[in-house]
Amino acid sequence: MAAERLWLDVPFAEKDMAKAAGARWDPAARRWYAPRPGMADLLRWAAGAEVPELLPGEDRSLGRGLFVDLVPSSCWFTNVRSCVAERDWERLRRMVHGRAGQRCEACGAGPDRAARRWLEAHERWSYDEARRVQTLRRLVCLCTDCHTVTHFGLAQVKGRAAEARAHLMRVTGMSEAGADRHIAAAFATWRERSRLTWTLDLAMLTDAGITVVPPPEAADRVAAAREALDAEEAGRETPGRAAPGGEALRRIPRQRRRTPG
């Protein structure tokens, strides 16, 4: 009888280190494992408990389909990946991709290395304007193309707005005029929500045993976004972060930049 596989939780940024330490990749399970017991160099990546497929309080009906979903500027850099430890992110990512059957939940596409299309986890939030609380309500599996549509502001920054708009129309069946109205309405909502400073509610993660890393303070998030945009424009990569906003990012004065806390 074959021995039970010794699975590992290896963040993407550490895959080369894990491979050098002897870890192997299972393409079917899409996961790293230790080829034999007792490999001390791999203990740092020993697998934690599996994340439940339904997170506490998660509403998997929230935000079905594909749409532009812009995060208020006071909430930039509060995405799940920036708020949890890398190993916890790996556990969450694996759960979200697995329960979606390794398919995008918006368009149904799978990963395609040749097309540079990957699967990514995206957050769905609810907004209580009276209490000014932004609550994480769902994690959804999106392909790179659908995730680019969702973060349409970042698509603008990267010069991919036309590509994102075309994908939005292709998946949803919107006309050109309909897509333009949809995008304009999303930015109008974003501007209204960006007038407020929101408090994050990440109980959906903490109640599932995920350790949350505090994001930058609200007052620092625009400056952090400006810094990330500068990195994008310089062809550099800011690990673990993606510049959020979009058209508004280009209007942020550079003298307001400072290193986020």
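Where is the place of Asp26? Here are a few friendly notes to read beside the structure, which is a predicted model.

1. Asp26 has its place in strand β2, which covers residues 24-26. With a relative accessible area of 13%, Asp26 counts as buried, because buried means under 20%.

2. Next, look at what surrounds Asp26. A polar atom of its side chain lies 3.0 Å from the backbone nitrogen of Ala28. If you set aside the neighbours within four places in sequence, Asp26 is in contact with Arg5, Trp7, Arg31 and Tyr33. Try finding these four residues in the 3D view.

3. Now move along the chain to strand β4 (residues 119-128), which runs antiparallel to β5 and is joined to it by 10 bridges. For one pair to look at, find Tyr127, which stands opposite Gln134 in β5.

4. How many residues lie between β4 and β5 in their hairpin? There are four, and in this turn Arg132 has a positive phi of about 55°.

5. Strand β5 also pairs with β6 (residues 199-201), and here the two strands run parallel, with three bridges joining them. Val133 stands opposite Thr199 in β6. So that you can compare the directions: β5 is antiparallel to β4, whereas it is parallel to β6.

6. Is strand β5 largely enclosed or left open? Strand β5 spans residues 133-143, and 10 of its 11 residues are buried, so the rest of the structure largely encloses this strand.

Terms used. Residues are numbered from 1 along each chain as its sequence is written. This is a predicted model: local features need pLDDT of at least 70, side-chain atom pairs count only at pLDDT 80 or more; totals for chains, interfaces and linings use all residues. Side-chain values use heavy atoms; hydrogens and water are left out. Buried means under 20% relative accessible area, exposed over 50%, partly exposed in between (1.4 Å probe, protein chains only). Two strands pair if DSSP finds at least two bridges between them. A polar contact is a pair of N or O atoms within 3.5 Å; within protein, one must be able to donate a hydrogen and the other to accept it, and residues adjacent in sequence count only if both atoms are side-chain atoms. Contact means heavy atoms within 4.5 Å.
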